[in-house]
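Here are a few exercises to work through with the model open. Try each one yourself before reading the solution.

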Amino acid sequence: MIPGRLILIAPLALVPALIACHSAPVAVPLNPAARAAVTADPGDTTREALAQSIDAVFTAPGAGETRAVVVWHDGKLIAERYAPGYDRNTRFISWSMAKTVTGVLIGMLVSDGRLRLDSSVPIPLWQRPGDPRGEITLRQLLQMRSGLRHVEGGDPPYLSDEVRMLFLDGRDDMARYAEAQPLQYDPGQKWVYSTNTAVILADLAARVLAPNGAPEMRRRVVLDYLRTRLFDPVGMHSAVPEFDAAGTMVGGSSIHATARDWALFGEFLRHRGAAGGVQLVPRQWIDFMTSPSPRESQYGAQIWLNRPATSGRPSLFPDRGPADLFACEGHLGQYVLVSPSRRLTVVRLGMTPEDHTDLVAARLGDVVALFR
């Protein structure tokens, strides 16, 4: 061999290896807190993959502040992580996740025979002769198609009906404010997301449980019913609903509970209304809640569905599935995601600007995708 060729050929032979070395992705060390948050055997996925996906929920640019993530799979707690300052004993506000609790409460009263799904709702103001609101049914209220005039998330905020109801002129008697609104559409014809509707549902619960009751009695009776029929059997011992001065539960936005207890609520829904081997609400009621509203395919009855939107953008990730996934969702990025087919419940609690919650949903979609 010619010595000169050895000098030329050897460096050329090293070029591919050198290129590969410089172009290969650098593995990012896994945050020790992220790995510690996942059990040694998380089931369908690996500990490292789940830890990385949960870490992305906490660290994704623009996704705001994640304060808690809890994952249950196949009936077992497999991951739990909190931001500094929060822990398993912290009660987190539900915001609109409370609507799903209210939907279950109404289902129990229907099962008890105290309310009827397709009858005019027993609100005295609407039952006056000639009042067209007397045509509104309980089903239409649950599916957000009552026809009542409503502005959710107005600009400026003080002009929106839920802000006025919760914090301004309606705050002392929220149901009275919500029920006083006139019809804007024929009942059943148009889907309009409404926090005020959930307060009307909570008022109905108080009316049938404590007829003509004073505010304190309304509050006590509804709270006792929820505790004995739902919270304690499910294991949600931390759950604390808020009530207004009239004794109406703020059923659209204000129930506080720990992240674990929100996960237990998700598991209760995953088991179609059963907990501890006891059927707390008929399975058919959960099936009804998780079936699309006739006017909005991504919404059921006080719960969101992982389906394409009839109008606007999807709230979840229908392009990635699973098709049976549904979710309790709340303001600023609160989520309880449930997929019966994947035996999965995922909770995320925190604070994210509304125009960035899609980033949180995408990262939660990554977590869900790990399970088959």
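**Exercise 1.** Does Leu-168 count as buried, partly exposed or exposed? Then work out where Leu-168 is found and which patch it belongs to.

*Solution.* Keep in mind that this is a predicted model.
- Step 1: the relative accessibility of Leu-168 is 35%. Partly exposed covers the range between 20% and 50%, so Leu-168 counts as partly exposed.
- Step 2: look at the loop between α6 (161-167) and α7 (174-179), and you'll find Leu-168 there.
- Step 3: Leu-168 joins Tyr-158, Leu-159 and Phe-167 in a nonpolar surface patch. Together the four have about 430 Å² of accessible area.

**Exercise 2.** Describe how helix α4 and helix α10 pack.

*Solution.*
- Step 1: you need an angle between the axes and a distance between them.
- Step 2: for α4 (residues 98-111) and α10 (residues 259-270), the angle is about 45 degrees and the axes are 12 Å apart.
- Step 3: that angle makes α4 oblique to α10.
- Step 4: as for handedness, α4 and α10 have a left-handed crossing.

**Exercise 3.** Take the salt bridge between Arg-133 and Asp-131, and decide whether each partner is buried or exposed.

*Solution.*
- Step 1: the N to O distance between the two side chains is 2.8 Å, and the cut-off for a salt bridge is 4 Å.
- Step 2: Arg-133 has a relative accessible area of 7%, so Arg-133 is buried.
- Step 3: Asp-131 comes out at 14% relative accessibility and counts as buried too.

**Exercise 4.** Which parts of the chain does the salt bridge between Arg-207 and Glu-179 tie together?

*Solution.*
- Step 1: the closest N and O atoms of Arg-207 and Glu-179 are 3.7 Å apart.
- Step 2: Arg-207 sits in helix α8 (residues 195-209) and Glu-179 in helix α7, so the bridge ties together parts 28 residues apart in sequence.
- Step 3: check the cover. Arg-207 is partly exposed at 29% relative accessibility, whereas Glu-179 is buried at 4%.

**Exercise 5.** How far apart are Arg-219 and Glu-216 along helix α9?

*Solution.*
- Step 1: their side chains meet in a salt bridge, with 2.9 Å from N to O.
- Step 2: both lie in α9 (residues 215-234), three residues apart, so about one helical turn separates Arg-219 from Glu-216.
- Step 3: Arg-219, at 28% relative accessibility, counts as partly exposed, and Glu-216, at 48%, is partly exposed as well.

Methods. Residues numbered from 1 in each chain as written. Predicted model: local features only at pLDDT ≥ 70, side-chain atom pairs only at ≥ 80, totals over all residues. Heavy atoms only, no water. Patch = residues over 30% accessible without salt bridge, like charges linked within 9 Å, V, L, I, M, F, W, Y side chains within 5 Å. Areas by Shrake-Rupley, 256 points an atom, 1.4 Å probe, with all protein chains shown as cover. Helix = DSSP H or I, 4+ residues; strand = E, 2+ residues; numbered from the N terminus. Buried < 20%, exposed > 50% of the residue type's maximum accessible area, 1.4 Å probe, protein only. Axes fitted to C-alpha atoms, helices over the stretch in contact; angles between N-to-C directions. Parallel < 35°, antiparallel > 145°, perpendicular 65-115°, else oblique. Left-handed = near helix turned anticlockwise from the far one by under 90°.
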